[in-house]
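Student: I am new to this structure and would like a close look at a single part of it, the salt bridges, with enough of the surroundings to place them. Could you take me through that slowly?

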Amino acid sequence: MCLFCDIAAGKIPSKVAYEDEEIFAFHDIAPQAPVHILVIPRRHIQSVNELTEADSALLGKLYAGIQKVARDAGVAETGYRVISNVGKDGQQSVPHLHFHVIGGRPLNWNN
Ligand code: AMP
């Protein structure tokens, strides 16, 4: 079982920011800034490490989703950060590829 697979399938409730056939975006349960949205593929991919060239179209869609949620959240003009943590040293806590979209205040490098 995977937490983010279950969230994308609607089995675990979330505050949805965007969804389509391949992409799901929802508000982080522990926001680090006024805007903190997670953008994920519905298909289970563990992390950036597991991406292949065959996923290039999916990556384009993920970044289109990132742009859309940033626009809808009102941070496209003010700016935001896109982060994907990988593995132990990256402090990835959920092993399903996700992109944090964080903004709504000036960000320091360590948040
Ligand atoms: P990471 O540490 O990069 O793997 O990010 C995982 C993120 O998922 C963290 O920012 C958590 O706050 C967030 N998170 C964990 N469980 C939930 C949940 N049920 N709904 C929304 N966000 C969650």
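Tutor: A salt bridge is counted here when a side-chain nitrogen of Lys or Arg lies within 4 Å of a carboxyl oxygen of Asp or Glu. Please keep in mind that this is a predicted model, and that by this rule the count comes to six salt bridges.

Let us begin with the pair formed by Glu22 and Lys61, whose side chains meet in a salt bridge with an N to O distance of 2.5 Å. Glu22 is found in the loop between strand 1 (16-19) and strand 2, while Lys61 belongs to helix 2, so the pair ties together parts that are 39 residues apart in sequence. Buried residues have under 20% relative accessible area and exposed ones over 50%, with partly exposed in between. Glu22, at 33% relative accessibility, therefore counts as partly exposed, and Lys61 is likewise partly exposed because its value is 39%.

Another of the salt bridges joins the side chains of Asp6 and Lys11, at 3.9 Å from N to O. Here the two partners fall into separate classes of accessibility: Asp6 counts as buried because its relative accessibility is 13%, whereas Lys11 is exposed, with a relative accessible area of 64%. A further bridge links Lys88 with Asp89, where the closest N and O atoms are 3.7 Å apart, and both Lys88 and Asp89 are exposed.

Helix 2, the element that holds Lys61, also leads us to the interior. The largest nonpolar core has 16 residues, and those touching the most other members are Ile37, Val39, Leu62, Val69, Leu97, Phe99 and Val101. At least two residues of this core come from each of strand 2 (23-27), strand 3 (35-41), helix 2 (56-73) and strand 5 (99-103), and helix 2 supplies the largest share, five residues. As a general background, nonpolar side chains in soluble globular proteins tend to be buried together.

Ile37 shows how these parts meet, since residues up to four places away in sequence are not counted and Ile37 still touches Ala17, Ala25, Phe26, His27, Asp28, Val69, Ala73, Phe99, His100 and Val101. There is also a second, separate core of nine residues, which includes Ile7, Ala8, Leu38 and Val94.

From the cores we can turn to the largest pocket, which holds about 430 Å³ of space. Among the 24 residues that line this pocket, Phe4, Asp28, Ile29, Leu38 and Val94 are the closest to its centre. Helix 1 (3-8), strand 2 and strand 3 are the elements that give two or more residues to the lining, and helix 1 gives the most, with three residues. By character, the lining divides into eleven nonpolar, eleven polar and two charged residues.

Finally, consider Gly103, which has its place in strand 5. Gly103 counts as buried because its relative accessibility is 0%. Leaving aside neighbours within four places in sequence, Gly103 is in contact with Ala33, Pro34, Val35, Val75, Gly79 and Tyr80. The C-alpha atoms of Gly103 and Cys2 are separated by 27 Å, these residues being 101 residues apart along the chain.

How values were computed
Residues are numbered from 1 along each chain as its sequence is written. This is a predicted model: local features need pLDDT of at least 70, side-chain atom pairs count only at pLDDT 80 or more; totals for chains, interfaces and linings use all residues. Side-chain values use heavy atoms; hydrogens and water are left out. A nonpolar core is a set of buried Ala, Val, Leu, Ile, Met, Phe, Trp, Tyr and Cys residues joined through side-chain atoms within 4.5 Å. Buried means under 20% relative accessible area, exposed over 50%, partly exposed in between (1.4 Å probe, protein chains only). Helices (H or I, at least four residues) and strands (E, at least two) are DSSP runs, numbered from the N terminus. Contact means heavy atoms within 4.5 Å. On a 1 Å grid over the protein atoms alone, a cavity is a set of points where a 1.4 Å probe fits but cannot get out, and a pocket is an open set with protein on both sides within 12 Å along at least five of seven lines; lining residues have an atom within 4 Å of a point. Grid points are joined across faces, edges and corners, and a volume is the space filled by probe spheres set on the points. Ala, Val, Leu, Ile, Met, Phe, Trp, Tyr, Cys and Pro count as nonpolar, Asp, Glu, Lys and Arg as charged, and the others, Gly among them, as polar.
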